[in-house]
Amino acid sequence: QVQLVESGGGLAQPGGSLTLTCAASGFTFDMYQMGWARQIPGKGLEWVSGISHDGRETWYLPSVKGRFTISRDNFQNIVRLQLNDLKPEDAALYHCAKGSRWSYREVDSWGQGTQIAFSA
């Protein structure tokens, strides 16, 4: 049974940083592309980043490129998203996604999500 458990969200301040972690289990992790998508109420799901099975290829939403970094540890079955220089428009529910062997967007499992909100 595939399980994806996100952690690391919380209250952020503009210009601040957070690290999101997705712990994966129930499948052969190093065979699949992984991704992060975010959900903003009223705006639908937006892909933020993706990573190849071996970590050599990455993709970013243009508005986060240079600020966010995706990485994976195929020994610990973890995918991380480092978020730097956070902006209020980054507030969302961030989901980890298990992709296929060929695309992080061909999702067959989602995590429950971890919320990022901004303090006043």
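Leaving aside neighbours within four places in sequence, Pro88 is in contact with Pro14 and Phe118 in this predicted model. Pro88 belongs to the loop between β8 (78-83) and β9. Between the C-alpha atoms of Pro88 and Gly15 the distance in space is 9.2 Å, although 73 residues separate the two in sequence. The report turns next to the other links within the chain.

**The disulfide**

The structure contains 1 disulfide. Its partners are Cys22 and Cys96, whose sulfur atoms lie 2.1 Å apart. Cys22 sits in strand β3 (residues 18-25) and Cys96 in strand β9 (residues 92-98), so far as the record of strands goes, and the pair links distant parts of the chain, 74 residues apart. The link is left-handed, with an angle of -75° about the S-S bond. Is each cysteine of this link buried or exposed? Cys22 counts as buried because its relative accessibility is 0%, under the 20% limit for that class. Cys96 is likewise buried, with a relative accessible area of 0%.

**Two hairpins**

Strand β4 (residues 34-40) and strand β5 (residues 44-51) pair in the antiparallel sense over 7 bridges. Within this pairing, Ile40 has Gly44 in β5 as its bridge partner. The two strands form a hairpin with 3 residues between them. Gly42, in the turn of that hairpin, has a positive phi of about 85°.

Strand β5 also pairs in the antiparallel sense with strand β6 (residues 58-60), here over 3 bridges. Opposite Ile51 stands Thr58 in β6. This pair of strands forms a hairpin as well, with 6 residues between β5 and β6. In its turn, Gly55 has a positive phi of about 80°. As a general point, side chains in a regular strand alternate between the two faces of the sheet.

**Salt bridges**

How many salt bridges does a search of the whole structure find? The search finds 6 salt bridges. The table gives some of them, with the distance between the nitrogen and oxygen atoms.

| Residue | Partner | N to O distance |
|---|---|---|
| Glu46 | Arg38 | 2.7 Å |
| Arg38 | Asp90 | 3.0 Å |
| Lys87 | Asp85 | 3.7 Å |

Arg38 appears in two rows, as a partner of Glu46 and of Asp90. Arg38 lies in strand β4, whereas Asp90 lies in the loop between β8 and β9, so their salt bridge ties together parts that are 52 residues apart in sequence. Arg38 counts as buried because its relative accessibility is 4%. Asp90 is buried too, with a relative accessible area of 0%. Glu46, by contrast, is partly exposed, with a relative accessible area of 30%.

The salt bridge of Lys87 and Asp85 joins two partly exposed residues: Lys87 has a relative accessibility of 28%, and Asp85 has a relative accessible area of 38%. Which residues are joined into one network by salt bridges that share partners? They are Arg38, Glu46, Arg67 and Asp90.

Key
Residues are numbered from 1 along each chain as its sequence is written. This is a predicted model: local features need pLDDT of at least 70, side-chain atom pairs count only at pLDDT 80 or more; totals for chains, interfaces and linings use all residues. Side-chain values use heavy atoms; hydrogens and water are left out. A disulfide is a pair of cysteine sulfur atoms within 2.5 Å. Helices (H or I, at least four residues) and strands (E, at least two) are DSSP runs, numbered from the N terminus. Buried means under 20% relative accessible area, exposed over 50%, partly exposed in between (1.4 Å probe, protein chains only). Two strands pair if DSSP finds at least two bridges between them. Contact means heavy atoms within 4.5 Å. A salt bridge is a side-chain nitrogen of Lys or Arg within 4 Å of a carboxyl oxygen of Asp or Glu.
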